[in-house]
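Here are a few exercises to work through with the model open in your viewer. Try each task before reading its solution.

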Amino acid sequence: MALPLSSTWKPLLGPRRSDAIKQIGLACEKNGFFAVKNHGIPEMKINNMLDTAREFFHLPDEERQSLKFHCHPVEEYKSHWPSNPPSFRENVGEYCESVRKVEVAILEAISESLDLERDYIDKILKGHYVSINYYPACQESELDVTHGVRTHTDPTLITILMQDDVPGLQVINDDKWINVNPIPNAVVVHVGDILQAISNYKYKSLLHQAIVNCEKERVSIASYCYPSDDAMIGPAKKLIDKVHPAIYKDFTYREFHESMWRVKCSTAKRLDLFKPSSD
Ligand SMILES: O=C(O)CCC(=O)C(=O)O
Ligand SMILES: [Fe+2]
């Protein structure tokens, strides 16, 4: 199935910005995700990032299938990243710096789509961390549908996912799993749990999973945008009125994050702890 929405970048930068913002708002509300083409991350940086990721997971002693690390600002974290393959730090650093610009601009558009000030979400944005996911081709003897990443929502504001050309991402749409097949060079933006709270449940955190296949290995790069620890999350005041009472209390990102270790839940249900009735 084709993506429900494929928003190109240009309208956000030109006179059609308000239409593009409406489209993004509708996609967040109805689908919890959308794709962005022409986002300004140079194709070469994307290819370098994907090649470096493959090289990393092909290293003889490398048994991991995902690698997670903080990356904003790049200079602060770079020295903690793997130094093998030798291109790792440079290629990953360049990708992360480019993706950061996309995150800031998308969060501005999302704020505006909620009728909030343009920098409402950017003001609480701290950094992002990256998860490089590697899905080796599964064995013929295994089931033909094998889970690479089990069903979950991301505990983020938004996640920006770059996939290689091998399908694998699935999302819930109208209660059915659909494949989100890769569009060359496009990124897929997921609504995360924190945005669900800020939007007072207008935008729903995207339930998704990744499957592997027996023919080809697959690589995806997820950039998770998260707020600073002290940031007050909770429904934006402007979105609360008699008809739309606050679904969540105010809480800090630190409280949310700490609660994640206590509640063994991999979906946005973990936000239920922050409902007014849960005292
Ligand atoms: O590999 C994918 O398509 C999804 C990865 C994912 O959901 C994640 O890293 O949170
Ligand atoms: Fe995810």
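The exercises below cover helix packing, a ligand site and some backbone oddities.

A quick note first: this is a predicted model, where local features need pLDDT of at least 70, side-chain atom pairs count only at pLDDT 80 or more, and totals for chains, interfaces and linings use all residues. Residues are numbered from 1 along each chain as its sequence is written, chains are lettered from A and ligands numbered from 1 in the order in which they are written, and side-chain values use heavy atoms, leaving out hydrogens and water.

**Exercise 1.** Work out how α3 packs on α5.

*Solution.*
- Start with the geometry: α3 (residues 43-58) and α5 (residues 88-113) pack at about 135°, with axes 9 Å apart. Axes are lines fitted to C-alpha atoms, for helices over the stretch in contact, and angles run from 0 to 180 degrees between N-to-C directions. Helices are DSSP runs of H or I with at least four residues, strands are E runs of at least two, and both are numbered from the N terminus.
- That angle makes α3 oblique to α5. Angles under 35 degrees count as roughly parallel, over 145 as roughly antiparallel, 65 to 115 as roughly perpendicular and the rest as oblique.
- Now list the contact (heavy atoms within 4.5 Å): α3 brings Lys45, Ile46, Asn48, Met49, Thr52 and Phe56, while α5 brings Phe88, Asn91, Val92, Glu94, Tyr95 and Ser98.

**Exercise 2.** Do the same for α2 and α5.

*Solution.*
- α2 (residues 17-30) meets α5 at about 80°, again with the axes 9 Å apart.
- The two helices are therefore roughly perpendicular.
- On the α2 side you'll find Arg17, Ile21, Ile24, Gly25 and Cys28; on the α5 side, Glu108, Ala109, Ile110, Glu112 and Ser113.

**Exercise 3.** Find side chains that make polar contacts with ligand 1 (pairs of N or O atoms within 3.5 Å).

*Solution.*
- Residues around the ligand (a heavy atom within 4 Å) include His152, Asp154, His208 and Ser220.
- Check N and O pairs with ligand oxygen atoms: Tyr224 comes in at 2.6 Å, Arg218 at 2.8 Å and Asn133 at 3.1 Å.

**Exercise 4.** Which peptide bonds are cis, and where does a positive phi turn up?

*Solution.*
- His72 to Pro73 is cis, with omega near -5°; Pro73 sits in the loop between β3 (66-70) and α4 (74-77).
- Asn84 to Pro85 is cis too, with omega about 0°, and Pro85 is in the loop between α4 and α5.
- For phi, look at Asp115: about 70°, though this residue isn't a glycine. Asp115 lies in the loop between α5 and β4 (125-135).

Methods. A polar contact is a pair of N or O atoms within 3.5 Å; within protein, one must be able to donate a hydrogen and the other to accept it, and residues adjacent in sequence count only if both atoms are side-chain atoms.
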